[in-house]
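Me: Could you take me through one part of this structure up close? I'd like to hear about the salt bridges, and which residues they bring together.

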Amino acid sequence: MNGLMFLLGVLVFVFGLLFSIAWHEFGHFSTARMFGVRVPQFMIGFGPTIWSRKRKETEFGVKAIPLGGYIRMIGMFPPGDDGQIRKRSTSPFRGMIEDARAAAFEELQPGDEHRLFYTRKPWKRIIVMFAGPAMNLILAVVVFLGVLMGFGISTQTTTVASVSECVIAQSEEPRDCQAGDTPAPAAAAGLLPGDRITAFNGEPIDEWDTLQQRIRDTTGAATLTVDRDGRTLELQADLIENQVAKTDGQGGYVEGEYVTAGFLGFSPANGVVKQSFPEAIDRMGDIMTTGIEAMVDIPSKIPGLWDAALGHGEREQDSPMGVVGAARVGGQIFTLDIPASQQIATALFLVAGFNLSLFLFNMLPLLPLDGGHVAGALWESIRRGAAKVARRPDPGPFDVAKLMPVAYVVAGVFICFTLLVLAADIVSPVKLTG
């Protein structure tokens, strides 16, 4: 049964992956067509074509390797300085430029002279190239908000899971209570597992983060209002100072760091809680910030990936994952011992996170990524604007093709990184459990 559920989870992720790719390319396709650019191909995947069908002037198809997609637009790059598309040069770098330029015109047909991508104004080209990543961002935001507000997420609540019998500093190794240990204030006050704390010193409380901060800010007498089996009780507790784990301000803890604060002595229960729209937006901001930080941290993760893939190192839980690793995690999600609704919600979160990563990655201002084309169009706009202000001749379109040698280097680096992540995903995959 677990094998079938694992396979189901993998299939759900793969479907989400293919939809995300198609959604991305549809952003480019729809805006290119809106601005009159001819688009002869719309393909999902790379390699040999499995299926294709032509609709009007565009061939739509699916290829064998589902690791991306593309649309082909006529006239992506302008002709050379003399207006001609030259034959291949013996210089390898000049050859890269000329190959890219020739590919942009290889399907040119009569009447296409006014449907070339490079002839569109810079702001239109920016919209076309930004539209793909923007579609991924829109999908990520919609799915994140839908899960947070519709399904809810597992979070710590004000319900008591367990009560400490005595006061033990959290910096100490886990140990049992011993004779002479000070009784925990929660136990002394009569707090029991299953109690739901609804107010602290008369102030209504419905979130764990708020309750935790009130407890840490308090020493001495405090009144706890609890709901116990439908009955409202008021318990008197005498909070004391203790060494507790430092919080990171985002619901987690800073490993190995401790602070002295007020201490009550109980563990909160986890529960699935639906977020309000403002809460969901706030959490979305945290997710976006975490995604940006993760993107910036990628270079620092490479030694760990190398050691996990080719050495004997342990794979870190926050290590970058590729499609294979993410598909494996998708399978694991459907084998978790959680309600089916939470399995679906977690799988949707995975797909949304993948789309957020696609947006951030594609917006890097490097060719051959969409962000590189956006940067080229922005530079052209600035250059033409400066020439107009200075009353100099129009410098014409910025020749992005001249940057193709750099694009090949960047692509090579990305391919090497992808292969390293793939090896790590196979040899030492990230696991949700065990």
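Reply: Here is a walk through the salt bridges, one pair after another. Keep in mind that this is a predicted model.

The structure holds 10 salt bridges, and a good place to start is Glu 57. The side chain of Arg 33 meets Glu 57 in a salt bridge, at 3.9 Å from N to O. Arg 33 belongs to helix H1, while Glu 57 sits in the loop between E1 and strand E2 (58-72), so the pair links distant parts of the chain, 24 residues apart. Arg 33 counts as partly exposed, because its relative accessibility is 34%.

Glu 57 has a salt bridge with Arg 115 too, and here the closest N and O atoms are 2.8 Å apart. This pair also links distant parts of the chain: Arg 115 is in the loop between helix H2 (92-105) and H3, 58 residues from Glu 57. With a relative accessibility of 24%, Arg 115 counts as partly exposed.

Now look at Arg 315 and Asp 425, whose side chains meet in a salt bridge at 3.0 Å, N to O. Arg 315 lies in the loop between helix H7 (298-310) and H8, Asp 425 lies in helix H11, and the two are 110 residues apart. Are these partners buried or exposed? Arg 315 is buried, with a relative accessible area of 8%, and Asp 425 is buried as well, at 1%. Both count as buried because the cut-off is under 20% relative accessible area.

Last comes a group: Arg 125, Glu 380, Arg 384 and Asp 394 are joined into one network by salt bridges that share partners.

Notes: Residues numbered from 1 in each chain as written. Predicted model: local features only at pLDDT ≥ 70, side-chain atom pairs only at ≥ 80, totals over all residues. Heavy atoms only, no water. Salt bridge = Lys/Arg side-chain N within 4 Å of Asp/Glu carboxyl O. Helix = DSSP H or I, 4+ residues; strand = E, 2+ residues; numbered from the N terminus. Buried < 20%, exposed > 50% of the residue type's maximum accessible area, 1.4 Å probe, protein only.
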